[in-house]
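Me: Please take me closely through one part of this fold, the way its strands pair in a single sheet, and then place that part in the wider chain. I would like one connected account rather than a list.

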Amino acid sequence: MSTLATSSKPHVRRSFVPTSALAASVEFTEEMMQVSLTDGRILSVPLVWFPVLYQATPEQRAQYEIGAGGRGLHWPDLDEDLSVAGLMAGADWRSA
C-alpha cells in the first residue's frame with residue numbers, strides 16, 4: 001500500500017513568464033510615478049519617495065531617458081537616476 005498522494009490537477013503552464021523588469025515608459029499623476037514595463041506590467045510608486053521628482057514641474061518630469069537596456073531611468077536636467085530594480089524592491093531607504 002502506497003502512502004504517496006497524487007494530484008488530480010493537470011499541470012498548467014503560463015504562456016509568458018517574465019524573467020526581468022525593463023522600463024518602456026514613465027508617466028506621473030499628482031501622487032504617483034507609473035513605470036510601464038516591456039512585459040505589460042505597470043509599477044506604481046509614491047512620488048513623495050523621490051524629493052527631486054516630487055518638487056519638479058510636470059515638464060521637467062517628462063524629460064526622462066531610459067538607459068541600460070530598460071534597467072535605468074534618468075532625468076538629465078534634474079540629475080536624478082533610478083533603477084527599475086530599486087523601484088521594484090519597494091523600500092523607501094531615504095525615509096529610514
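Reply: Two strands are taken to pair if DSSP finds at least two bridges between them. By that criterion strand 4 and strand 5 are paired, in the antiparallel sense and over 3 bridges. What follows describes a predicted model, and it begins with the sheet to which this pair belongs.

The sheet is open and has 3 strands in the order 4-5-6, with antiparallel pairing. Its edge strands are strand 4, residues 65-67, and strand 6, each of which pairs on one side only. Averaged over neighbouring strands of this sheet, and ignoring direction, the turn of one strand against the next is 25°. In general, the strands of a sheet pair through backbone hydrogen bonds, in either a parallel or an antiparallel way.

Within the pairing of strand 4 with strand 5, Ile 66 has Leu 73 of strand 5 as its bridge partner. Glu 65 also belongs to strand 4, and if one sets aside its neighbours within four places in sequence, its contacts are Gly 72, Leu 73, His 74 and Pro 76. Glu 65 has a relative accessible area of 43%, and it is therefore classed as partly exposed. A longer relation in sequence also involves this residue, since the C-alpha atoms of Glu 65 and Val 26 lie 9.4 Å apart although the two residues are separated by 39 positions in the chain.

Between strand 4 and strand 5 runs a loop that contains Ala 68. The phi angle of Ala 68 is near 55°, which is a positive value in a residue other than glycine. As a general matter, most residues other than glycine have a negative phi. With a relative accessibility of 49%, Ala 68 still falls in the partly exposed class, because only values over 50% are called exposed.

On its other side, strand 5 (residues 72-75) is joined to strand 6 by 4 bridges, and these two strands likewise run antiparallel. Trp 75 has Glu 80 of strand 6 as its bridge partner. The hairpin made by strand 5 and strand 6 has 4 residues between the strands, and in it Asp 79 takes a positive phi near 55°. Asp 79 is placed in the loop between strand 5 and strand 6, and its relative accessible area of 61% makes it exposed.

Strand 6, residues 80-83, shows two faces: Glu 80 and Leu 82 lie on the covered one, whereas Asp 81 and Ser 83 lie on the uncovered one. This fits the general rule that side chains in a regular strand alternate between the two faces of the sheet. Leu 82 is also among the residues touched by Leu 87, together with Met 33, Val 35, Leu 43, Val 45, Phe 50 and Leu 73, when residues up to four places away in sequence are not counted. Leu 73, the bridge partner of Ile 66, is thus also a contact of Leu 87.

That leads to the interior of the protein. The largest nonpolar core has 19 residues, of which Met 33, Val 35 and Leu 87 touch the most other members. Two or more residues of this core come from each of strand 1 (23-28), strand 2 (32-37), strand 3 (42-46), strand 5 and helix 3 (84-89). Strand 2 gives the most, with 3 residues. Such grouping follows a general tendency, namely that nonpolar side chains in soluble globular proteins tend to be buried together.

For the wider chain, the protein comprises 3 helices and 6 strands, and from the N terminus on its elements follow the order β-β-β-α-α-β-β-β-α. Of its 96 residues, 25% are buried, and of the contacts between residues at least 6 apart in sequence, 33% join residues at least 24 apart. The exposed area is about 7100 Å², with 53% supplied by carbon and sulfur atoms.

Finally, a search of the whole structure finds 1 salt bridge. It links Asp 39 with Arg 41, whose closest N and O atoms are 2.7 Å apart. Asp 39 has a relative accessible area of 21% and is partly exposed, and Arg 41 is partly exposed as well, with a value of 32%.

Terms used
Residues numbered from 1 in each chain as written. Predicted model: local features only at pLDDT ≥ 70, side-chain atom pairs only at ≥ 80, totals over all residues. Heavy atoms only, no water. Buried < 20%, exposed > 50% of the residue type's maximum accessible area, 1.4 Å probe, protein only. Axes fitted to C-alpha atoms, helices over the stretch in contact; angles between N-to-C directions. Core = buried A, V, L, I, M, F, W, Y, C linked by side-chain atoms within 4.5 Å. Contact = heavy atoms within 4.5 Å. Areas by Shrake-Rupley, 256 points an atom, 1.4 Å probe, with all protein chains shown as cover. Salt bridge = Lys/Arg side-chain N within 4 Å of Asp/Glu carboxyl O.
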